[in-house]
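Work through the exercises below with the sequence and the structure at hand. Try each task before reading its solution.

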Amino acid sequence: MSELNEATSPAGKRKRKCKWQITAAVVAVVVAVAGAGFWVWHEQPSFCNAICHTPMDPYVAAFEQQPGAQGVDKWGNTVENTSSMLAVVHAAPADQGGADANCLSCHKPTINQQLSEVVEWSTGNMPLYENQTYGLVLGERDTEQLGEWLGQEGDAFCLNSACHNITRQDLVKATARYDERNPHMAMHGQQLDCGDCHKAHRASVNACSQCHDDAPIPEGWLTYDQAQEVASAA
C-alpha cells in the first residue's frame, strides 16, 4: 500500500516524469548522432557502392589510393602516377594539397533529384541511364555534363569561388611556357573542355597528342591514342 501511495504521490509523479525526459533526451541524442553519421556516410563512395550504384568496387579502390604513387584506374589498369586522376588528388586532405573531396563534391545532384532517386530506388521504379539501370555505375561524365546538373556552363564547374577561384585567362598565363601549344588556349577555333584532358577516375590524357606527336605528356598521363586504347578495352 505504501508503494502505491509513493507512486501516486507528487514526488513519485515528478520522478517518473524526470525519467521520461531523460529517456527522451537520450533517444533524441542517439537519433541525432545516427542521422549525422548517416549523412556523412551518404557522401562517401562506400555508401554509393552499397546502396545504389553497384558494383562500384573498382571506383572505391581507385578513390582511396594515395596521390603520387603507382596505382590503378577504375578499370583496374595500372596507372604510373595516381596524381593523374582528379578523384585521387581531390580526395586528399586539405593539409596535403587536396580538397577533402567526396563523391558529392563533384557529382552534385539537387535535393529534389536526390529525393526522387530515393523514391525510385525504394519503389523499384528505376529509370535507365545510358542503357544502364540506375542500379549500375553511371557512364563517364565530363565536367560540362556535371555542370549541367547545376545550371553551370563552360568552365564554371571547375573555375568557381568554391573550387578553383581563377579564370581561364589565369590558366593560360600559368601554362604560357608552352607558347602556341598552350593547352588552355582556344586551339583551331575550339576551346577544350577541362574534362577533355583531366580525368577523374582514370589517367588524364593530353588531348593535343591526338595530332601532335611531340606534345608533352605529364608523369602518369597518357597520350590520346593510349587513352583510346585503354577506354576501348574496358
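**Exercise 1: two aspartates in loops**

Asp 179 sits in the loop that connects α9 with α10 (194-197).

Task: Find the sign of phi for Asp 179, and decide whether Asp 179 is buried or exposed.

Solution. The model is a predicted one. Step 1: phi of Asp 179 is positive, about 50°, although the residue is not a glycine. Step 2: the relative accessibility of Asp 179 is 52%. Step 3: exposed requires over 50%, so Asp 179 counts as exposed.

Step 4: turn to Asp 100, placed in the loop between α5 and α6 (103-106). Asp 100 also has a positive phi, near 50°, and is a residue other than glycine. Its relative accessible area is 48%, so Asp 100 is partly exposed.

**Exercise 2: the surroundings of Arg 168**

Task: Place Arg 168 in the secondary structure, and state which groups its side chain reaches.

Solution. Step 1: Arg 168 belongs to helix α9, which covers residues 168-174. Step 2: with a relative accessible area of 13%, Arg 168 is buried, because the limit for buried is under 20%. Step 3: the side chain of Arg 168 makes a polar contact with the side chain of Asp 155 at 2.8 Å. Step 4: the Arg 168 side chain also reaches the backbone oxygen of Leu 192, at 3.2 Å. Step 5: beyond four places in sequence, the contacts of Arg 168 are Asp 155, Leu 159, His 184, Gln 191 and Leu 192.

**Exercise 3: the largest nonpolar core**

Task: Which residues form the largest nonpolar core?

Solution. Step 1: the core has six residues, namely Leu 146, Phe 157, Cys 158, Leu 159, Leu 171 and Cys 194. Step 2: take Leu 171 and leave out its neighbours within four places in sequence; Leu 171 is then in contact with Leu 159, Ile 166 and His 184. Step 3: Leu 159 and His 184 are also among the contacts of Arg 168.

**Exercise 4: Ser 84**

Task: Is Ser 84 buried or exposed, and what does it contact?

Solution. Step 1: Ser 84 lies in the loop between β2 (78-79) and α5 (86-91). Step 2: its relative accessible area is 1%, so Ser 84 is buried. Step 3: Ser 84 and His 198 are 114 residues apart along the chain, while their C-alpha atoms are separated by 7.8 Å. Step 4: beyond four places in sequence, Ser 84 has contacts that include Lys 199, Arg 202, Glu 219 and Trp 221.

**Exercise 5: cysteines**

Task: How many disulfides does the structure hold?

Solution. Step 1: the number of disulfides is zero. Step 2: for Cys 106, the nearest cysteine sulfur belongs to Cys 163 and is 7.0 Å away. Step 3: for Cys 197, the nearest cysteine sulfur is that of Cys 208, 6.0 Å away. Step 4: the limit is 2.5 Å, so neither Cys 106 nor Cys 197 is in a disulfide. Step 5: Cys 106 is partly exposed at 31% relative accessibility, whereas Cys 197 is buried at 10%.

**Exercise 6: the whole chain**

Task: What is the average pLDDT, and where does pLDDT stay under 50?

Solution. Step 1: the average pLDDT is 79, and 70% of the residues score at least 70. Step 2: the stretch under 50 is residues 128-137, for which the model has 30 contacts beyond four places in sequence. Step 3: the protein has 234 residues, 29% of them buried, and contains 11 helices and six strands.

Conventions: Residues are numbered from 1 along each chain as its sequence is written. This is a predicted model: local features need pLDDT of at least 70, side-chain atom pairs count only at pLDDT 80 or more; totals for chains, interfaces and linings use all residues. Side-chain values use heavy atoms; hydrogens and water are left out. Helices (H or I, at least four residues) and strands (E, at least two) are DSSP runs, numbered from the N terminus. Buried means under 20% relative accessible area, exposed over 50%, partly exposed in between (1.4 Å probe, protein chains only). A polar contact is a pair of N or O atoms within 3.5 Å; within protein, one must be able to donate a hydrogen and the other to accept it, and residues adjacent in sequence count only if both atoms are side-chain atoms. Contact means heavy atoms within 4.5 Å. pLDDT is the predictor's confidence in each residue, from 0 to 100. A nonpolar core is a set of buried Ala, Val, Leu, Ile, Met, Phe, Trp, Tyr and Cys residues joined through side-chain atoms within 4.5 Å.
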